[in-house]
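Let's take a walk through this structure together, starting with the overall layout and ending with a few individual side chains. Please keep the model open beside you as you read.

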Amino acid sequence: MSLPAASPEHRDAVGLAPMTATHLADVLALGRRVYDTSVKPYTSWSLSAIAGHLDSEASACWVALDGERLAGFVLGSMGFDQRPEWGNLEWIACAPEYQGRGIASRLVKACCATLTEAGADAVVTDVESRNTASAALMRSNGFEASVSVTLFVRENGLGA
């Protein structure tokens, strides 16, 4: 079911709030709805993935709410790989019926602001190469492509 295009009044109806434990089930369900976890490397969407960010010392997890309905979320926290001074925007999703309304950009901005306030020297994220919508979202919010990594996968039973 698609909702009609948002009027300026409806855009304002979707508010942002810090994510709390009460949002866990809805965030998990939305992630399961929008992430294709059969595609490598994004195979780790789980309750523990959400809880790890929410429970971190410098959580930068936000939800977009249309009343009590979850329209989207972003999960971020301090620390990326071996760089504790970098923030990590790891997961972001917007329900399909809310896409194209600027909600994802608002979530990115809220996450980045929270990480900057927590002391992040930089905020990093990764986008799968075929995900052009997410790449455009990140570019429009000041991210620049920096490092390209190719994931090599050897399936069991293949190769010599």
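The paragraphs below go from the fold to the core, then to two helices, the salt bridges and the cysteines.

What you have in front of you is a predicted model. Its protein chain has 5 helices and 5 strands, and along the sequence these follow the pattern α-β-α-α-β-β-β-α-β-α. Of the 160 residues in the protein chain, 38% are buried. If you look at contacts in the protein chain with a separation of 6 or more, 64% of them come from residues 24 or more positions apart. The accessible surface amounts to about 9,700 Å², and carbon and sulfur atoms account for 53% of that surface.

Now turn to the inside. In soluble globular proteins, nonpolar side chains tend to be buried together. Here the largest nonpolar core has 41 residues, and Trp45, Phe73, Leu89 and Ile92 are those with the most contacts inside it. Which elements build this core? At least two residues come from each of α2, α3 (47-54), β2 (62-66), β3, β4, α4 and α5. The most generous of them is α4, which gives 8 residues to this core.

Trp45 makes a good place to pause. Setting aside neighbours within four places in sequence, Trp45 is in contact with Val27, Leu28, Gly31, Arg32, Tyr35, Thr37, Ile50, Phe73, Leu75 and Trp91. Phe73 appears again here, as another of the residues with the most contacts inside the core.

Several of those contacts bring us to helix α2, which covers residues 24-34. Its buried residues are Leu24, Val27, Leu28, Leu30 and Gly31. They lie on the same side of α2 because they cover an arc of only 165° around the axis. On the other side of this helix, Ala25 and Arg32 are exposed. Arg32 is also one of the contacts of Trp45. If you ask what covers the buried residues of α2, the list includes α3, β2, β3 and β4.

Helix α5 (residues 132-140) can be read in the same way. Ser134, Ala135, Leu137 and Met138 are buried in this helix. Their directions span an arc of only 160° around the axis, so they sit on the same side of α5. The other side carries the exposed residues Thr132, Ala133, Arg139 and Ser140. Among the elements that cover the buried residues of α5 are β4 and α4. Just after the helix, look at Gly142, which takes a positive phi of about 90°.

Next come the charged pairs. How many salt bridges does a search of the whole structure find? The search gives 3 salt bridges. In one of them the side chains of Arg33 and Glu97 meet, at 2.5 Å from N to O. This pair links distant parts of the chain, since Arg33 belongs to helix α2 while Glu97 is in the loop between β4 (83-94) and α4 (103-117), 64 residues apart. Glu97 also forms a salt bridge with Arg69, where the closest N and O atoms are 2.5 Å apart. Here too distant parts of the chain are linked: Arg69 is in strand β3 (residues 69-80), 28 residues apart from Glu97 in its loop. Arg33, Arg69 and Glu97 are thus linked in a network of salt bridges. Within this network Glu97 is buried, with a relative accessible area of 12%, while Arg69 is partly exposed at 38%.

The remaining salt bridge to visit joins Arg130 and Glu128, whose closest N and O atoms are 2.9 Å apart. Arg130 counts as exposed, because its relative accessibility is 62%. Glu128, by contrast, is buried, with a relative accessible area of 18%.

Last, the cysteines. A disulfide is a covalent bond between the sulfur atoms of two cysteines. A search of the whole structure finds 0 disulfides. Cys61 is in no disulfide, and its nearest cysteine sulfur, that of Cys111, is 7.3 Å away. Cys111 is in no disulfide either; for this residue the nearest cysteine sulfur is that of Cys112, at 5.6 Å. The cut-off explains both cases, because a disulfide needs the two cysteine sulfur atoms to be within 2.5 Å. Cys61 is buried, with a relative accessible area of 5%, and Cys111 is buried too, with a relative accessible area of 0%.

Key. Residues numbered from 1 in each chain as written. Predicted model: local features only at pLDDT ≥ 70, side-chain atom pairs only at ≥ 80, totals over all residues. Heavy atoms only, no water. Buried < 20%, exposed > 50% of the residue type's maximum accessible area, 1.4 Å probe, protein only. Salt bridge = Lys/Arg side-chain N within 4 Å of Asp/Glu carboxyl O. Helix = DSSP H or I, 4+ residues; strand = E, 2+ residues; numbered from the N terminus. Arc of directions from axis to C-beta. Contact = heavy atoms within 4.5 Å. Areas by Shrake-Rupley, 256 points an atom, 1.4 Å probe, with all protein chains shown as cover. Core = buried A, V, L, I, M, F, W, Y, C linked by side-chain atoms within 4.5 Å.
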